[in-house]
Amino acid sequence: MPPLLTLLAPVAARDWIEAKAFLERFTGISHDALHVIVGVSVQLVLAALFRSSIARFWPWAVVLLGELANEWNDLRIERWPNLGEQLGEGAKDLALTMLLPTLLLIAARWWPGLLTRRSVPVEPPPPAG
């Protein structure tokens, strides 16, 4: 990594944590609820922007990679008095972020009828006579 990026990396990581705290306070939405909302929103927006489907694996994988990066950043920058509590909170954040995207992926892939209304073909009337 270039020296300038090495110097700026901790600043950017700290800014990310502060931006998350600002969003939580500004919206009044709890930390846990934000994980749920952001996870499913990112999956849906990516699928829509790239004219893809939530039945495809990649929007789910992008959400997972983003959340893993977020939790890695939290572990790298934040220092809790008890590492076990910090790891537990990170695991909870991961589970909350991935729950709905995972359910949507499974439903879209294996039970697409749950997400789309399929029209029932109407049988033509019997011939007269």
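Start by selecting Asp93 and His31: their side chains are joined by a polar contact of 3.1 Å. Keep in mind as you click around that this is a predicted model.

Stay on Asp93, which sits in helix H4. Show what is around it: leaving out residues up to four places away in sequence, Asp93 touches His31, Asp32, His35, Glu67 and Glu71. Which side chain of opposite charge is nearest to Asp93? That's Lys92, 5.1 Å away. A salt bridge needs a side-chain nitrogen within 4 Å of a carboxyl oxygen, and Asp93, although buried, has none.

Now select all of H4, residues 83-110. With 28 residues at 1.5 Å each, the helix should span 40 Å, and its end C-alpha atoms are 39 Å apart, so the two agree. Go to the start of H4, where a side-chain oxygen of Asn82 comes to within 2.8 Å of the backbone nitrogen of Gly84. Then slide along to Met98: H4 has a kink of about 35° there, shortly before the proline Pro101.

Next, color the buried positions of H4, among them Gln86, Gly90, Asp93, Thr97, Met98 and Pro101. Leu105, Ala107 and Ala108 belong on that list too. What do the buried residues of H4 pack against? Turn on helix H2 (31-49) and helix H3 (57-77) and you'll see their partners.

Finally, zoom out to the whole chain. You should count four helices and zero strands, in the order α-α-α-α along the sequence. Of the 129 residues, 23% are buried. If you draw a contact map, take the contacts between residues at least 6 apart in sequence: 64% of them join residues at least 24 apart.

Definitions and conventions. Residues are numbered from 1 along each chain as its sequence is written. This is a predicted model: local features need pLDDT of at least 70, side-chain atom pairs count only at pLDDT 80 or more; totals for chains, interfaces and linings use all residues. Side-chain values use heavy atoms; hydrogens and water are left out. Helices (H or I, at least four residues) and strands (E, at least two) are DSSP runs, numbered from the N terminus. The expected span of a helix is 1.5 Å times one less than its number of residues. The bend at a residue is the angle between axes fitted to the seven residues ending there and the seven starting there. Buried means under 20% relative accessible area, exposed over 50%, partly exposed in between (1.4 Å probe, protein chains only). Contact means heavy atoms within 4.5 Å. A polar contact is a pair of N or O atoms within 3.5 Å; within protein, one must be able to donate a hydrogen and the other to accept it, and residues adjacent in sequence count only if both atoms are side-chain atoms. Lys and Arg count as positive and Asp and Glu as negative; His and the chain ends are not counted.
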